[in-house]
Amino acid sequence: MSISSLSATIPTTSFASSSTPSSSFLLRLPLKRYSSLSLNASPSKPPTISASMEAGIGLMATKLGMMSYFDTTGQVIPVTIVGFREGNIVTQVKTKATDGYDAVQVGYRRIRDRKLTKPELGHLEKSGIIPLRHLQEFRLQSVEGFEPNQRLGLEELFKEGDLVDVSGTTIGKGFQGGIKRHNFKRGLMTHGSKSHRQLGSIGAGTTPGRVYPGKKMPGRMGGTKTKIRKLKVIKIDNELNVVMIKGAVPGKPGNLLRITPAKIVGKNIPQK
């Protein structure tokens, strides 16, 4: 048999004429290795903003301290005094068309120009706003009615009897042991015990032969961001520009606080 007759019997593939494989060939390929060759591949979607939705615009404030408040019936209520310095000015309004989500940026506490960097000063000078130390965003369902350089008044946002969420940085307590950090019990002080405040056994030696991640052990305590929900506003003093909130709030006197309307699912925030 001649070479010319052999070449006539060998079937030719479609890869010689075209650079792309046929659809029947793609259907026979393994999915795991050739998933990128799908004929109906859709373009990747842009990443969505997954920030927490606030029930309404809030304010930034300064913790002043705690005291006892006597109501009209003579009942003693422990309250935290929260003061408001210069600030709480709308510095930027973000919309879905420009930033992909609706939010209002608020500035708080006026400071000197030299305390800010040039990018921070340039951001505030766009709207003609005074230098402010703290900038925070409040993501809202709608940003209608807000505009840059708008002042947010205390009496316009909160009333006596409202429930608010207060977040701040807790007091840092440094490196602490298990008793103070995790409320562990103390060991025996008598009968020859030599384990009084020590942590004790932290796991078996044979199985699993290691310590599980997340084990409660001595370490750094405090200094973390915490939110306390649904605290009641007892009294608002517009002359002194302070608010009395029932109970304790995170941080020590002088710390920055973030106060927002309390979230109530189905009432002021949508159900997911």
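Let's start with K94, a lysine that counts as buried because its relative accessibility is 13%, under the 20% cut-off for that label. This is a predicted model, so every value here is computed from predicted atoms. K94 is found in strand β3, which covers residues 87-94.

What does the side chain of K94 make a polar contact with at 2.4 Å? The partner is the side chain of E137. A polar contact of 3.3 Å also joins the side chains of K94 and Y101. If we skip residues up to four places away in sequence, K94 touches D99, Y101, D102, A103, E137 and V143. So E137 and Y101 turn up both as polar partners and in that list of touching residues.

**Another residue in β3**

Strand β3 also holds T91. Is T91 buried or exposed? T91 is buried, because its relative accessible area comes to 3%. Its side chain makes a polar contact of 2.7 Å with the side chain of Q105. Beyond residues up to four places away in sequence, T91 touches Q105, V106, G107, H123, L124, S127, I129, L132, L135 and P148.

**Stepping back to the chain**

The chain has 272 residues, and buried residues make up 29% of them. Its secondary structure consists of five helices and eleven strands. Now take contacts between residues at least 6 apart in sequence: 70% of these join residues at least 24 apart. As for the surface, the chain exposes about 19000 Å², and carbon and sulfur atoms supply 53% of that area.

**The barrel**

Which strands make up the closed barrel? Going around, the six strands are β1-β2-β10-β9-β6-β11, and the pairing is antiparallel. On average, neighbouring strands of this sheet are turned by 50° against each other, direction ignored. As a reminder, strands of a sheet pair through backbone hydrogen bonds, in either a parallel or an antiparallel way.

You can follow the barrel pair by pair. Here are several of its strand pairs, with the number of bridges joining each one:

| Strand pair | Bridges |
|---|---|
| β1 (residues 59-70) and β11 (residues 256-261) | four bridges |
| β1 and β2 (residues 76-83) | eight bridges |
| β2 and β10 | five bridges |
| β9 (residues 225-237) and β10 | four bridges |
| β6 (residues 163-169) and β9 | six bridges |

Try finding some of the facing residues in the structure. Start in β1, where M60 stands opposite R258 in β11. Then look for T62, which stands opposite G83 in β2. Further around, I81 stands opposite M244 in β10. I236 has V243 in β10 as its bridge partner. Finally, G168 is bridged to T226 in β9.

While you trace a strand, keep in mind that in a regular strand the side chains alternate between the two faces of the sheet.

**Two hairpins**

How many residues lie between β1 and β2 in their hairpin? There are five, and G74 in the turn has a positive phi of about 90°. Strands β9 and β10 form a hairpin too, with four residues between them. In that turn, N241 has a positive phi of about 60°.

**A closer look at β10**

Strand β10 covers residues 242-246. Why is β10 described as largely enclosed by the rest of the structure? The reason is that four of its five residues are buried. On the pairing side, β10 is joined to β2 by five bridges and to β9 by four, antiparallel in both cases.

**An exposed glycine**

Let's finish with G172, found in the loop between β6 and β7, the latter being residues 174-176. G172 counts as exposed because its relative accessibility is 53%, over the 50% cut-off.

Which residue lies 49 residues from G172 in sequence but 6.3 Å from it in space, C-alpha to C-alpha? That residue is M221. Setting aside neighbours within four places in sequence, G172 is in contact with M221, G222 and G223.

To recap the residues we visited one by one: K94 and T91 are buried, whereas G172 is exposed. K94 and T91 are in strand β3, while G172 is in a loop.

Terms used. Residues are numbered from 1 along each chain as its sequence is written. This is a predicted model: local features need pLDDT of at least 70, side-chain atom pairs count only at pLDDT 80 or more; totals for chains, interfaces and linings use all residues. Side-chain values use heavy atoms; hydrogens and water are left out. Two strands pair if DSSP finds at least two bridges between them. Buried means under 20% relative accessible area, exposed over 50%, partly exposed in between (1.4 Å probe, protein chains only). A polar contact is a pair of N or O atoms within 3.5 Å; within protein, one must be able to donate a hydrogen and the other to accept it, and residues adjacent in sequence count only if both atoms are side-chain atoms. Contact means heavy atoms within 4.5 Å. Accessible areas come from the Shrake-Rupley method with a 1.4 Å probe; for residues, only the protein chains shown count as cover. Axes are lines fitted to C-alpha atoms, for helices over the stretch in contact, and angles run from 0 to 180 degrees between N-to-C directions.
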